[in-house]
Amino acid sequence: MPKTKNYHMVENSADHFNIIRRCQKIVRETKAAKKLSDTDQNSLANALMGCGRPAETKKVNQMDLTEIKEEVLESVRGLRDDIESHIERIAEHSADYLKPHDRILIWGFSALVANFIEKAVASKSRKTPITLLVSGSSNDAMDYQRILRKQVESKMLQIVVIGDGAAFTVMPIVQKVLIPASSLLPDGSMRTPAGIRALCLAARVHAVPVLALCPLHKISADYPEDECELVQPDHPREIKPAWDLVKSNLVSVVITSEGGLPPNDTYRLHNQLYHPGDSLQ
Amino acid sequence: MTKELSAKEKKKLEKAARRAKVVGDKGVDVEAKKAEAMRKKEEAMKKKQEEAPVRQASPVPKAASPVPQVAALQAEGVPGRTRKISESQSIDPRRLLKTTKTQQSQVELTEPLFTYMRNTAGIKDTIQTMGFGRKDMFSRGITKNPTQLHRAIVRLGFKAAHLSKIDEREMAEKLKRALELFIDDFDGRNFNDELKQHHRVSIQQNFISELNPNINFISKCHPMTRSEACLVDIVKEAARSRQARDKNLAEFKEFLHEELQLFWKMRVDEAEATIANETFNLITDNSTVLTFGDGMNMVRIFEKASRLGRKFEVIVVDTEPSFSGKRVLQCLTEAGIQTKYSTIAGLSYMMKQTDVVIIGARSLLANGSVVGAKGCGTVACVANEDQVPVLVCCETYKFEDRCAINALDIKNEIREFPINEHITFANIVQDVIPASLVTAAITEVGIIASTSAATVISENERKRKDIAFETT
């Protein structure tokens, strides 16, 4: 039986564009920083106009590129390290959000979520027994045992598989819902593996906070063009969408490598990472 | 000897502790702590062994075996073991059941969930202790109290305990058939000899006293749904009624049969026909209806609507582990209705295309909440978000007089089975949709707001009391 996708690495083709846009932004930034260090920073004109911004909007010429090549390469290497270590860096924030004796509801398998929980449960400073309620396809749920075997055996973590329909049923006793984002759109809504929107809606009815885990390279630079995407079904009459669109009002906090972020403020992060002049539209 | 050992160890530990305090050396401290922990472990084990007979009475929910023979063995084997502690540390098969202090404190960290819900996990053992083994269902093996259970009831209970897919209408039909067989086979001859001397028990009381253990058995096998409970209530009430008082055996049985048939015809079959008509009026042409695949109720209603000439499309939503929607999908396509199929994963996508959600209910509660199959709560929740009306089909005999706020209460059933030694699959069988998410209920008394269920229940009660009063 074909395994369903694991949305934890750079899988969407859109992610490639994100990284290209990041690099473009890096180039602009380095150029602006270079210009800044050349000019006089403390002049009144600069203070009034805002430092650096006019320099960014100008196009980058060939001459500038040779000057800033070294710094750009360094920043790009830093970006690559960020992408490779994003799972660990997001997991570092788990202790702030997961408290002892929590019951957490998740959907399907995601390495991000698994590492997040593992970091919280394995913390040496305090005992964090956590009960993990896994909904979604139960074949995916078995993968959790692979990563979290040590915690389950030490009885700090209890994994209960409840099946996909029971999200609403068990929600009264759940304290938090953890969802992985497969891409974060500029307006704060996010694409997630199929079925998570039902989970978030049930959480809203019961007033349960929803935490979304999103690595920086999945913050989408542009709005996507397709409205929906269907996956090959197992049965001729079956319809299987590839992802769900979860609006930002359903999510309480978005956790990135930098820390927690309110979902309606993601445009700030978006402006920080990408430059609108680079878009293809 | 062991006491001496532990005393010696005690002295050693005290010395080590004193030395550690004076010297402040890390190595000695660790050793002392280890030895201390070992000693504490031994003491705890000893304590547990002494307390074992007391503990057997209140077993840990999952680990206890309900079979009395094994429990007897456990209690028996304890006194012989209290002396050899050093042996028991290495090879003790019962160590798996008894936990040391440190292990117990760790186990208490993550509590097992849903222990208060009715768990049918131990039902096979219970059936076996009653003497009904798997191979030969009617052989009475080692039974302490031979229970006079009717064979049809036993068959039904056995099947119900092992079934993974429960279609509640089918269960009600099976129960009805079993009850009919029971009534047929009932002969007022099983008098208790002691009672016979004092006073003659009437046929009514005899019947009820024979029926009760059967019903207890079935409710142990699986928690009865509202429709089944209603059937049983009808039979009991007919047996207790004043009309049945002065009848002889044959007339009594005929009376009971009649009552059962009347109930089934009026409140189940005809009610369903009325509901099908109402639903036909509600579905407009070329609309898309979303339904939840848990039973054949909706299949019959949709078939009727399509026969009456409506053109509509049905989307069947299904959940694991039972995937009962596949059968619904098959029946609907055979009836010629265009159907699509999806699981909860595809629900948000499908909801954008639906006009109305119609689901079948297992019971309607007095505060307007709906008891349905597992997963219908999620469907109602998503439908509310997309402003799709949620309609619930429910006959009036399924109305229940209690209020539930969510699905996690005592009346619900959970079917647990372990996937491997660490992960269990907890299948909560029924789901409760709160009244705020339900738009209306389609019943044979009309299309009512789901909160009006309480009024319907009280009206029915009043009518029944009036009828009973009139016939006396």
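Reply: A charge is said to sit over a ring if NZ of Lys or CZ of Arg is within 6 Å of the ring centre and within 35 degrees of the ring normal. Please keep in mind that the model discussed here is predicted.

Me: Over which ring does the charged end of B:Lys326 sit, and how far is that end from the ring centre?

Reply: The ring belongs to B:Phe323, and the charged end of B:Lys326 is 4.9 Å from its centre. Chain A offers a further case: the charged end of A:Arg191 sits over the ring of A:Trp243, at 3.6 Å from the centre.

Me: How is a pair of aromatic rings to be described, and how many aromatic pairs are there over all chains?

Reply: Such a pair is described by the distance of the centres and the angle of the planes. Over all chains, the count is five aromatic pairs. In one of them, the ring centres of A:Phe109 and A:Tyr144 are 5.0 Å apart, and the planes stand at 65 degrees, so this pair is edge-to-face. The pair links distant parts of the chain, 35 residues apart: A:Phe109 belongs to the loop between strand S1 (102-107) and helix H7 (111-121) of chain A, and A:Tyr144 to helix H9 (residues 143-147) of chain A.

Me: Are A:Phe109 and A:Tyr144 buried or exposed?

Reply: Residues under 20% relative accessible area count as buried. A:Phe109 has 8% and is therefore buried; A:Tyr144, at 0%, is buried as well.

Me: What is the geometry of the pair formed by B:Phe182 and B:Phe207?

Reply: This pair is tilted, with 5.7 Å from centre to centre and 55 degrees between the planes. B:Phe182 lies in helix H8 (residues 168-185) of chain B and B:Phe207 in helix H10 (residues 203-221) of chain B, so that distant parts of the chain, 25 residues apart, are linked. B:Phe182 is buried at 4% relative accessible area, and B:Phe207 is buried at 0%. Together with B:Phe252, B:Phe182 and B:Phe207 form one aromatic cluster.

Me: How should a sheet be read, and in what order do the three strands of the open sheet in chain B stand?

Reply: In a regular strand the side chains alternate between the two faces of the sheet. Here the order is S6-S7-S11 in chain B, with antiparallel pairing. Strand S6 (363-364) and strand S11 (430-433) of chain B are at the edges; each has a single partner strand, so one side of each lacks a neighbour in the sheet. Strand S7 (residues 370-373) of chain B is joined to S11(B) by four bridges. B:Val370 has B:Ile433 as its bridge partner, while B:Val371 stands opposite B:Val432.

Me: What covers the faces of S11(B), and which helix lies across S7 and S11 of chain B?

Reply: Both faces of S11(B) are covered, with B:Gln430 and B:Val432 buried on one side and B:Asp431 and B:Ile433 buried on the other. The helix is H16 (residues 376-385) of chain B, which runs at about 30 degrees to S11(B).

Me: Where should the coordinates not be read in detail?

Reply: The caution applies where pLDDT is low. Chain B has an average pLDDT of 74, and 66% of its residues score at least 70. Among its elements, strand S8 (residues 390-393) has the highest mean pLDDT, 94, and helix H3 (residues 68-77) the lowest, 41. Residues 133-137 of chain B have pLDDT below 50, and this stretch has six contacts beyond near neighbours in sequence. For the model, ipTM is 0.80 and pTM is 0.75.

Definitions and conventions. Residues are numbered from 1 along each chain as its sequence is written. Chains are lettered from A and ligands numbered from 1 in the order in which they are written. This is a predicted model: local features need pLDDT of at least 70, side-chain atom pairs count only at pLDDT 80 or more; totals for chains, interfaces and linings use all residues. Side-chain values use heavy atoms; hydrogens and water are left out. Rings of Phe, Tyr and Trp (its six-membered ring) pair if their centres lie within 6.5 Å; planes under 30 degrees apart count as stacked, over 60 as edge-to-face and the rest as tilted. Helices (H or I, at least four residues) and strands (E, at least two) are DSSP runs, numbered from the N terminus. Buried means under 20% relative accessible area, exposed over 50%, partly exposed in between (1.4 Å probe, protein chains only). Two strands pair if DSSP finds at least two bridges between them. Contact means heavy atoms within 4.5 Å. Axes are lines fitted to C-alpha atoms, for helices over the stretch in contact, and angles run from 0 to 180 degrees between N-to-C directions. pLDDT is the predictor's confidence in each residue, from 0 to 100.
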